[in-house]
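I opened this model to look up its fold, one of its pockets and a single loop residue. My notes are set down in that order.

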Amino acid sequence: GTSDPYVKFKLGGKEVFRSKTIHKNLNPVWEEKACILIDNPREPLYIKVFDYDFGLQDDFIGSAFLDLTSLELNRQTDVTLSLKDPHYPDHDLGSILLSVLLAPREEQRDVFQTQSLRLSDLHRKSQLWRGIVSVTLIEGRELKAMDANGLSDPYVKFRLGHQKYKSKIVPKTLNPQWREQFDFHLYEERGGIIDITVWDKDAGKKDDFIGR
């Protein structure tokens, strides 16, 4: 009675982003952020939702189009799209919620930087940072199995000085797909070593260390 949904975003027939899979859930919360470069705003963003099936072909749940020309520039807009199946136009297949910001290409860096500047002000008013290190965690390959089922539930921790980030946990896999972005601030007097550790999440006991 449930699904394992994930979402694909396509532009001009090419896949530009794929979300993580959320298992056994009809009301998934992704909270994922993607920055997609668009050549032609008149081309709609095609959104397809699938149910992940291990070892079988994934089931199509529904799709929607987002008309980018309907968005106001430089303004964060919340959009709710009803999912449809072209073969069954009358079926109610649920909806998907997005928060979208359309910005001109040259302004994109500024949008990210002002956002990071605000974060920095909150964290450490006293210090000035001189740059941002933007880390995109894409995937893991052939990680060590830490659980009795021959799999792991991996997540990644990043640390630079006092700044720490933790990725989401991808359940039951040795080849996790994350596609998450983290921004670190570089301060004058700090060295530039980012400590990266990978862990296996264990419910009710200490998480297993996979590697550094």
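The entries below begin with the basis of the model.

I note that this is a predicted model, in which local features need pLDDT of at least 70 and side-chain atom pairs count only at pLDDT 80 or more, while totals for chains, interfaces and linings use all residues. Residues are numbered from 1 along each chain as its sequence is written, and side-chain values use heavy atoms, with hydrogens and water left out.

Fold. I looked up the secondary structure and found 1 helix and 12 strands, taken as DSSP runs (helices H or I, at least four residues; strands E, at least two) and numbered from the N terminus. Along the sequence I read the order β-β-β-β-β-β-α-β-β-β-β-β-β.

Burial. Of the 212 residues in the chain, 37% are buried, that is, under 20% relative accessible area with a 1.4 Å probe and protein chains only; exposed means over 50%, and partly exposed lies in between.

Pocket. I then turned to the second largest pocket, whose lining has 7 nonpolar, 6 polar and 6 charged residues; here Ala, Val, Leu, Ile, Met, Phe, Trp, Tyr, Cys and Pro count as nonpolar, Asp, Glu, Lys and Arg as charged, and the others, Gly among them, as polar. A pocket is an open set of points on a 1 Å grid over the protein atoms alone, where a 1.4 Å probe fits, with protein on both sides within 12 Å along at least five of seven lines, and lining residues have an atom within 4 Å of a point. Because domain 1 (5–127) and domain 2 (131–211) both contribute lining residues, this pocket lies between them; the bounds come from an automatic or database domain assignment.

Loop. Alanine 34 sits in the loop between β2 (14–18) and β3 (45–51), and I record it as partly exposed, with a relative accessible area of 40%.
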